[in-house]
Amino acid sequence: MIKRLEELTRFATEIRYHILTTLNQLGFGHYGGSLSIVEVLAALYGEVLDVNVQNFASKERDHFVLSKGHAGPALYSALHLKGFFDKDFLHSLNCNGTRLPSHPDRNLTPGVDMTTGSLGQGMSVATGIAYGKKITASPYYTYTLVGDGELNEGQCWEAAQFAAHQQLSHLILFVDDNKKQLDGRTDDICQTFDFVEKFASFGWEAVRVDGSNIETILEALEAMKESASPRPKCIVLDTVKGQGVDLLEEMESNHHLRLSGQLTDDLEAVAQSFAKELEVTR
């Protein structure tokens, strides 16, 4: 298990490295919210999801919906590392004629289960997928990930109510509680209160974990999947926007950045430090 955690930690570092190199060469993008979901993506794509290039076209598998679509660069990095496309494809992000737009598009990008970006809609679609799986008695799970700011959307809570009513026990929702959104801190814009209490009040099983700790995330997932409760499941990830990059963690406004001057040099240096770390651990 220790060796496997070391492999998953390396996988997370690789995802983080590719987020930075892709956005750095582009010169702009959603750094903060992409970096805060690295560990959960490493857990999902490195250990939990049964999806791969060979079985992607099949309905008989788990599905993942990145509802907070602006974190597409993180998902793309994970998909690249899973072999869905090569490095040149990854580095075509937001370029003219690309098949890799800033927000995921299932009709353009290999490995993407659902087009997302209009916040709130991804959670609803994931709920629909989970409902379909229940109707067909599928044993597979539907996973989805929303942002804390995204939960300002009423559509999310309509989906939450429907999922609880339909007892969608194979729907697992992650909340990226990184404390910030587009315009500032979530507590200043629309106070979230306690997500665990809120989802529990909607009829979900809910727990909060350290979103920077892969082992803790996996333990929470295992507990949720072993639960005999028919309720849908929610794992609130306690994260930091810009997670894993001190420079960005300390930056007050890091939702979307346009690089210039010293910031360009600093983020390139961070990317190079990850490259050296990966070379050492190879």
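Where does Gly149 lie? Keep that question for the third stop; the model on screen is predicted.

**Whole chain.** Select everything first. The C-alpha atoms fill a box of roughly 50 × 45 × 40 Å along the principal axes. The radius of gyration is 18 Å, which agrees with the value near 19 Å for a compact globule of 282 residues. Colour by secondary structure to bring up 12 helices and 9 strands. Buried residues account for 52% of the 282. Of the contacts between residues at least 6 apart in sequence, 74% join residues at least 24 apart.

Now switch on the surface. The accessible area is about 12,400 Å², and carbon and sulfur atoms hold 49% of that area. Colour by charge next: there are 25 positive and 39 negative side chains, with the centres of the two sets 5 Å apart.

**Residues 11-257.** Select this span, which an unreviewed UniProt entry lists as "domain: Transketolase N-terminal". Helix makes up 41% of the span and strand 15%. Its end C-alpha atoms are 25 Å apart.

**Gly149.** Select β3 (142-147) and α7 (154-165); Gly149 is in the loop between β3 and α7. Is Gly149 buried or exposed? Its relative accessibility is 15%, so Gly149 counts as buried, the cut-off being under 20%. Add Gln181 and Thr186 to the selection: Gly149 touches both, leaving aside residues up to four places away in sequence.

**Glu277.** Finish by drawing a distance from Gly149 to Glu277. These residues are 128 apart along the chain, and their C-alpha atoms are separated by 33 Å.

Notes. Residues numbered from 1 in each chain as written. Predicted model: local features only at pLDDT ≥ 70, side-chain atom pairs only at ≥ 80, totals over all residues. Heavy atoms only, no water. UniProt positions renumbered as here; feature names shortened; annotations may be inferred. Helix = DSSP H or I, 4+ residues; strand = E, 2+ residues; numbered from the N terminus. Rg over C-alpha atoms; globule rule 2.2 N^0.38 Å. Buried < 20%, exposed > 50% of the residue type's maximum accessible area, 1.4 Å probe, protein only. Contact = heavy atoms within 4.5 Å. Areas by Shrake-Rupley, 256 points an atom, 1.4 Å probe, with all protein chains shown as cover. Lys, Arg positive; Asp, Glu negative; His and termini not counted. Charge placed at Lys NZ, Arg CZ, Asp CG, Glu CD.
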